[in-house]
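Student: I would like to learn how to read helices and pockets from coordinates. Could we work through one example together, with the general idea before each case?

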Amino acid sequence: MGSSSSSYAPRNIYLDVDGKVQKVTSITVIFLFTSFFARTFLQSTAIMVVDPEGAMVSIDPTMPTNSPRAFHINEMKTELTNRLTMLEKRVELEGLKVVEIEKCKNDLKNLREEMSSRGSSRFNCSCKYNLDDGKKVTPRRDVPNYPKYTLSQETIEALKKPTFDVWHWEHNEMLSCLEFMYHDLGLVKELNMNPITLKRWLLAIQENYRNNPFHNFRHCFCVSQMMYGMIHLCNLKEKLTLTDLVILMTTAVCHDLDHPGYNNTYQINARTELAVRYNDISPLENHHCAVAFQIISLPECNIFANVNPDTFKNIRQAIITLILATDMARHGEILECFKQKVKNFDFSNEEHVICLKKVLVKCCDISNEVRPTEVAEPWVDCLLEEYFMQSDREKSEGLPVAPFMDRDKVTKPTAQIGFIKFVLIPMFETVMELFPQIEEIMVQPLRDSRDHYEELKLLEDAMTETGLKIYVKHAYGC
């Protein structure tokens, strides 16, 4: 068996390659079709199987011998060409995608760098905002280490009065005073607040007030301290619920969070991100609300964590309503609403109480002139400094400038007289109809302040007139 010869005999095959007949064995056909054919196909080389005399032959018995396309070479060439074209297009498209991906990566990198630079220069660029800036609203998770001050009885009594001098207290001391107010009013117990959470929350609040001349953390403390004083002076613990009191106090603490130092008029005229985000409707007040509840959304700062969902929903809505009420553009509307109710005010009427809370927050927000002159007057300087910063910027940007903010037109007396006469006194006198006890300690100081600035205005006018006379005398020699 092993010596028998094989029945297989290699057969010769003749190929016509571009008119030249070549003999090959069937064994080498595979090689020809895997190497030579692949190479010559792309060069449009014609290949046919022929006999020694050059006649067309076919390996496939089902294929007609006279077919000029015995191996379907043209179809294969077309198919391969099409596939090659498709592959080239895919490579081109994938290449473009890679380019786009790299471009996107570079854009993201540049954006991160820009956001980082904005974050590091937050106080220098006052009209750029980013609510996703975690660094701004994420406090330390450890127990805040600001000192726990033991307030003297004298300080405790002073905190309840509008005469409290807010200028002699450091931030840590103000934080301790605010903490005391929440405990003293029974708010911590009523809402089952974690005392450590209260500390963290207050620290986060302080960190989210900017270093503006006027709208800063000291202003926040002033408004909160005045609210605490009015709660005691007007016996609000007997007339309102503790939930109402926590709404009033928390609104006072949060009402100007992350204030940029440029008012709503500037935001709208300059088309800032805030104005665009809030459709020119109280952009600053909406922003204060957003930052307030972004802080509260942090578990370590959620002073309302132990409040049931329905109660929290009501507290949140009430705080938003009251912060939005601090927009001075709504002053006339809110005061008129309160005037219509004060004659027959009903503490059991929810609508009446909401209107009262709005007015109380507004009173506290603009109450500096209620304080003694030596405490109130520095605030005027701070406010004018902030106004002048805005008007200078508006001039440089070609925006409208309000006369009461223009350093070339306004003086301290002219800035205060109209505001006291037409805004402060009418509002506090309306509140006085409901709480007569505020007349001596709050309304009368406003009247005295009005008289003080009117005297300064007369002196200012006299000096201006004297200066003008002296100028005319020297100029014309008479």
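Tutor: What follows is a reading of two helices and two pockets, and the model is a predicted one.

Student: Let us begin with helix H14; how many residues does it have, and what span is expected for it?

Tutor: The length of a helix can be checked against a rise of 1.5 Å a residue. Helix H14, residues 309-324, has 16 residues and reaches 22 Å from its first C-alpha to its last, close to the 22 Å expected.

Student: Which residues of H14 are buried, and how should I read their spacing?

Tutor: An α-helix has 3.6 residues a turn, so residues three or four places apart point the same way. In H14 the buried residues are Ile-315, Ala-318, Ile-319, Ile-320, Leu-322 and Ile-323, and what covers them includes helix H10 (242-254), helix H13 (283-296) and helix H16 (350-365).

Student: What is found at the start of H14, and what at the start of H16?

Tutor: At the start of H14, a side-chain oxygen of Asn-308 comes to within 3.1 Å of the backbone nitrogen of Asp-310. At the start of H16, a side-chain oxygen of Asn-349 lies within 2.9 Å of the backbone nitrogen of Glu-351.

Student: Why does the span of H16 agree with what is expected?

Tutor: At 1.5 Å a residue its 16 residues should span 22 Å, and the end C-alpha atoms of H16 are 23 Å apart, which agrees. H16 is also mostly covered, since 13 of its 16 residues are buried.

Student: Turning to empty space, what is the volume of the largest pocket, and which residues are closest to its centre?

Tutor: Rolling a probe the size of a water molecule over the atoms shows where empty space is left. Here the largest pocket has a volume of about 1000 Å³, and of the 46 residues that line this pocket, His-215, Asn-263, Met-328, Leu-383 and Tyr-387 are the closest to its centre. The lining divides into 23 nonpolar, 15 polar and 8 charged residues, and helix H17 (373-397) gives the most to it, with 9 residues.

Student: Which helix supplies the largest share of the lining of the second largest pocket?

Tutor: That share, 6 residues, comes from H14, while H10, H14 and H16 each supply at least two residues. The second largest pocket holds about 340 Å³ of space and is lined by 16 residues, with Asp-244, Ala-318, Glu-350, Ile-354 and Lys-357 nearest its centre. Ala-318 is also one of the buried residues of H14. By class, this lining has 6 nonpolar, 7 polar and 3 charged residues.

Notes
Residues numbered from 1 in each chain as written. Predicted model: local features only at pLDDT ≥ 70, side-chain atom pairs only at ≥ 80, totals over all residues. Heavy atoms only, no water. Helix = DSSP H or I, 4+ residues; strand = E, 2+ residues; numbered from the N terminus. Expected span 1.5 Å × (residues − 1). Buried < 20%, exposed > 50% of the residue type's maximum accessible area, 1.4 Å probe, protein only. Contact = heavy atoms within 4.5 Å. Polar contact = N/O pair within 3.5 Å; in protein donor to acceptor, adjacent residues only side chain to side chain. 1 Å grid on protein atoms, 1.4 Å probe; cavity = no way out; pocket = protein on both sides within 12 Å on 5 of 7 lines; lining within 4 Å. Points joined across faces, edges and corners; volume = space filled by probe spheres on them. Nonpolar A, V, L, I, M, F, W, Y, C, P; charged D, E, K, R; others polar.
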